[in-house]
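Please open the structure in your viewer and keep the selection tool at hand. The tour below moves from one selection to the next and says what is there at each stop.

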Amino acid sequence: MTERDERIHSFGSDCTPAQLLTPRLLLRPFCEADIPELVPLINDFRVTGRLGRVPFPYSKADAEFFLRQVCPSVDNVTLAITCRTSRALMGCVSLHGLVAEPRRMGEIGYWIAFMYWGKGFATEAATGLLRFAFSESSPLALDVVRGAHFVDNPNSGRVQQKLGFVYDAQETASLKDGGESSLPRMACLARGGKEFATRTLWLTREQFARRQQEMMDIMAAREPENCSQTSHPPPKAEGTGLGRTDDPSPTTTLDEGPTDAK
Ligand SMILES: CC(C)(COP(=O)(O)OP(=O)(O)OC[C@H]1O[C@@H](n2cnc3c(N)ncnc32)[C@H](O)[C@@H]1OP(=O)(O)O)[C@@H](O)C(=O)NCCC(=O)NCCS
């Protein structure tokens with residue numbers, strides 16, 4: 001076993017960085033104090049209806065289970081997405097199912113509170129975490145990351161494509177031949193545990209390295225806006241629309257903000 005394999009086998013909470021910075025965001029581990037902010041943000045079917053293992057409605061007890069059982073488990077790195085300026089909680093990004101063999105890999109997951117959709121925050125947060133995960137000097141030093149999304153969730157597919165993920169070639173071929181019924185299916189807890197057709201994507205360290213500089217340039221060129229605070233209440237739980245919406249609640253604009261990712 002190489003030194004790197006040793007590290008990933010024994011990563012545990014040591015692998016979770018204290019914080020990661022992107023131009024607009026600060027990614028950090030969740031803590032108990034997040035629960036009151038977390039519950040109303042994720043207790044939204046527009047969010048949970050796209051995730052595999054998150055219940056809806058989402059209670060304080062679910063948040064406690066997430067913080068105490070899921071986040072600390074050794075095979076994942078789970079980070080809160082917060083505004084770098086205001087520290088407001090905006091969502092979550094994670095790498096789970098981390099394994100060292102046959103390749104060092106994990107699967108990416110993320111969600112963004114509805115009021116912040118369509119501003120590139122998921123892409124920016126995932127870029128921050130992937131940058132850390134693929135770095136040779138990080139305890140993860142991953143070779144490849146898997147991505148997946150329900151077929152009826154193209155927004156997530158776009159996020160992954162923007163990050164440089166490529167659709168699984170075999171799955172794409174069988175989709176052409178056999179249609180959607182040939183795709184793997186994954187259960188969605190929030191939709192009553194029913195299974196839905198799922199697409200798989202892959203991102204290697206090399207593919208990410210090629211895409212990374214471009215992503216950082218795009219992010220650094222953005223106006224430093226829209227994540228400090230919102231004048232709107234958290235999204236209501238009864239929303240059931242799963243399609244694209246062009247009407248996320250507007251957010252106030254920051255006058256200034258950091259643009260340095262270091
Ligand atoms: C998928 C999700 C994380 C995307 O977050 P985001 O911060 O809005 O991501 P981006 O701003 O990078 O936009 C991604 C794509 O969403 C779509 N989108 C853009 N504006 C949108 C809006 N106002 N409303 C809905 N979708 C929009 C676009 O296709 C966009 O791609 P583009 O930039 O090429 O136009 C977010 O919609 C979400 O949390 N959904 C529910 C949970 C989920 O699906 N998690 C992933 C499970 S695999």
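## A tour by selection

Begin with Pro 102, which has its place in the loop between strand E4 (89–99) and E5. As you look, keep in mind that the model is a predicted one. Display the backbone here, and you will find that the peptide bond leading from Glu 101 to Pro 102 is cis, with omega near 0°.

A second cis bond can be selected next, since Phe 56 and Pro 57 are also joined by a cis peptide bond, with omega about 0°. Pro 57 belongs to the loop between helix H3 (45–48) and helix H4 (60–70), and because it has 14 C-beta neighbours inside 10 Å, it counts as partly exposed. If you add Phe 45 to the selection and draw a distance between the C-alpha atoms, Pro 57 and Phe 45 are 7.7 Å apart in space, although twelve residues separate them in sequence.

Now turn to two residues with an unusual sign of phi to look for, neither of them a glycine. Arg 87, in the loop between strand E3 (77–83) and E4, has a positive phi near 70°. Ala 141, in the loop between H5 and strand E6 (144–150), has a positive phi of about 40°. Which of the labels buried or exposed fits each of them? Arg 87 counts as exposed because it has 12 C-beta neighbours inside 10 Å, whereas Ala 141 counts as buried because it has 20 C-beta neighbours inside 10 Å.

Select helix H5 (121–134) as the next stop. This helix has 14 residues and reaches 20 Å from its first C-alpha to its last, which is close to the 20 Å expected at 1.5 Å a residue. Since 13 of the 14 residues of H5 are buried, the helix is largely enclosed by the rest of the structure.

From there, widen the selection to the largest nonpolar core, which holds 57 residues; those that touch the most other members are Ile 81, Ile 112, Ala 125, Ala 126 and Leu 129. The largest share of this core comes from H5, which gives nine residues. To see one of these positions in detail, pick Ile 81 and show what it touches: leaving aside residues up to four places away in sequence, its contacts are Leu 25, Leu 27, Met 90, Gly 91, Cys 92, Val 93, Ile 112, Phe 121 and Ala 125.

The ligand comes next, and there are 23 residues around it, of which Arg 50, Gly 118, Ala 122, Asn 155 and Arg 158 come nearest. Colouring this shell by residue type divides it into ten nonpolar, eight polar and five charged residues. Which elements should be highlighted as suppliers of at least two residues each? They are strand E5 (105–112), helix H5 and helix H6 (154–163), and H6 gives the most to the shell, with four residues.

For the last stop, select strand E8 (residues 185–188) together with strand E9 (residues 194–204), which pair in the antiparallel sense over four bridges. Within this pairing, Cys 188 has Lys 194 in E9 as its bridge partner. The hairpin of E8 and E9 has five residues between the strands, and in it Gly 192 takes a positive phi near 75°.

How values were computed
Residues numbered from 1 in each chain as written. Predicted model: local features only at pLDDT ≥ 70, side-chain atom pairs only at ≥ 80, totals over all residues. Near = placed C-beta within 6 Å. Nonpolar A, V, L, I, M, F, W, Y, C, P; charged D, E, K, R; others polar. Core = buried A, V, L, I, M, F, W, Y, C linked by C-beta atoms within 7 Å. Contact = placed C-beta atoms within 7 Å. Expected span 1.5 Å × (residues − 1). Pairing = 2+ DSSP bridges.
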